[in-house]
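Hi,

Here is the structure I promised to pass on to you. Could you have a look at it when you get a moment, and then read on for what turned up in it?

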Amino acid sequence: MEQTKEGRLVYADLLRAAALIAVIALHVCGNNWQGLEVRSADWQILNVIDSLTRWCVPAFVMLSGMFFLDPSRPVTYRSLFRKSLPRLATAFLFWSFLYALFTSLLNWRGGAPDDLWSFFLNFIYGHYHLWFVYMVMGLYLITPILRKFVMGAGRRDIEYLLLLYFLFTLVVPLFGNSPRLQVISGVVHRLDLKLLGGYIGYFVAGYYLKTFDFQPKTKKIIYALGLAGLGVTIVCTWIDSMAWDAPNEKWYLYLTPNVALTAFALFLFFKEHCQGRSLGPKGVALCSRIAQRSFGVYLVHAFFNNRLVALGLDAVAFNPLAAVPLATVLVFAVSYAVVCLVEKIPFARKYLL
């Protein structure tokens, strides 16, 4: 696997940079996706673009898992509780406070000022995108246990865990809204497999996909399933939204089999085919810098996304095929520039980004 001079995996940096751009595009689309008429051309375009980006959050989780579960990486209770978790917690508290303050200011200017309790709740729960920080902290808390599992597990053991996760966490919940199939989700509910909940499967999948190689036939199957998952996301969202006569995000959820299959396929594709040779040393170095600042850009981008909408440049300011990429690039560029400035503040890079 290709590495940078600093020893970073090139494909991981490229994937992280791509996932960052995808999450910004996803939030740019989200500014208008809920409010448009589902039969309009603009909504149809946003549905396709949004569907194309849904792999981003699972990819971020898999990238964390591939490193934190690697037995060769020195991850200890001490490093988790004195470095990794405090960094996430302080970053969350700092940026969540600023977002809560900004929200209160907007509400005050709009004539509906927040009371102290509302401000406190906004601060504690976090801005809409900061849920991700909470989720990652939860995964870090159980990382020592998961590391013991992967160290003692064989390939088949990990595949068995991923199969259970795929079936019971990703597939079965789809049956919950169907009267004839609710019996399946009812039985699974009684199995009480809470150990398989949340994003733990993506975390382990990152380690699995990084560690093990696959036969060419298996790779083709994974890629085909990834494309099929993408097709399901686009088509089923369109069908369900037409039936509702309103946007339906059931197939957009990160804990769905269609999104998972696309994320798995893209992870494998980057591992197998994206080593940065076509980018050259400067291109690889740029992607590495973006990857290293991805967490900071993620933290601040929501503010600039909001401000861009306030200025009138949203996903449907003109043709979405042009408006979404333009807004995405602008939000990314300004966010990246701000992160570069903030990290010059002493201790900011270590605790806030």
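The structure holds 1 cavity of 30 Å³ or more. Here a cavity is a set of points, on a 1 Å grid over the protein atoms alone, where a 1.4 Å probe fits but cannot get out, and lining residues have an atom within 4 Å of a point. Grid points are joined across faces, edges and corners, and a volume is the space filled by probe spheres set on the points. The largest cavity contains about 30 Å³ of space, and its lining is made up of Ser51, Arg54, Trp55, Leu230, Thr233, Val259 and Thr262. Helix 11 (216-244) and helix 12 (257-273) are the elements that give two or more residues to that lining. Helices are DSSP runs (H or I, at least four residues), numbered from the N terminus.

Before going further, a word on the source: this is a predicted model, in which local features need pLDDT of at least 70, side-chain atom pairs count only at pLDDT 80 or more, and totals for chains, interfaces and linings use all residues. Residues are numbered from 1 along each chain as its sequence is written, and side-chain values use heavy atoms, with hydrogens and water left out.

Next, the pocket. A pocket is an open set of grid points with protein on both sides within 12 Å along at least five of seven lines. The largest pocket has a volume of about 1,300 Å³. Its lining has 40 residues, and Arg16, Phe68, Arg73, Arg87 and Tyr140 lie nearest its centre. At least two lining residues each come from helix 1, helix 3, helix 4 (77-109), helix 6 (131-141), helix 13 (280-292), helix 14 (294-310) and helix 16 (348-351). Helix 4 gives the most, with 8 residues.

Two of these helices deserve a closer look. The expected span of a helix is 1.5 Å times one less than its number of residues. For helix 1 (residues 10-33), with 24 residues, that comes to 34 Å, and the end C-alpha atoms are indeed 34 Å apart. Of the 24 residues in helix 1, 20 are buried; buried means under 20% relative accessible area, exposed over 50%, and partly exposed in between (1.4 Å probe, protein chains only). Arginine 16 sits in helix 1 and counts as buried, at 16% relative accessibility. The C-alpha atoms of arginine 16 and phenylalanine 60 are 6.8 Å apart, although 44 residues separate the two along the chain.

Phenylalanine 60 is one of the buried residues of helix 3. Helix 3 (residues 56-68) has 13 residues and should span 18 Å, which agrees with the 19 Å between its end C-alpha atoms. Because 12 of its 13 residues are buried, helix 3 is largely enclosed by the rest of the structure. Phe68, which is among the residues nearest the centre of the largest pocket, is also buried.

On to the charged pairs. A salt bridge is a side-chain nitrogen of Lys or Arg within 4 Å of a carboxyl oxygen of Asp or Glu, and by this rule the count comes to 9. One of them joins arginine 155 and glutamate 159 (3.1 Å, N to O). These two residues are 4 apart in helix 8 (residues 155-171), so about one helical turn separates them. Arginine 155 is partly exposed at 31% relative accessibility, and glutamate 159 is partly exposed at 32%.

Another salt bridge links arginine 349 to glutamate 343, with their closest N and O atoms 3.8 Å apart. Here arginine 349 is partly exposed at 43%, whereas glutamate 343 is buried at 17%. Salt bridges that share partners also join Glu37, Arg39 and Asp245 into one network. Within it, the side chains of arginine 39 and glutamate 37 meet at 3.8 Å, N to O, and glutamate 37 is partly exposed with a relative accessible area of 41%.

Last comes the stretch around helix 9 (182-191). Phenylalanine 175 lies in the loop between helix 8 and helix 9 and is partly exposed at 23%. Its C-alpha atom is 6.2 Å from that of serine 185, 10 residues away along the chain. On the other side, leucine 193 belongs to the loop between helix 9 and helix 10 (200-211) and is partly exposed at 37%.

Happy to talk any of this through.

Best wishes
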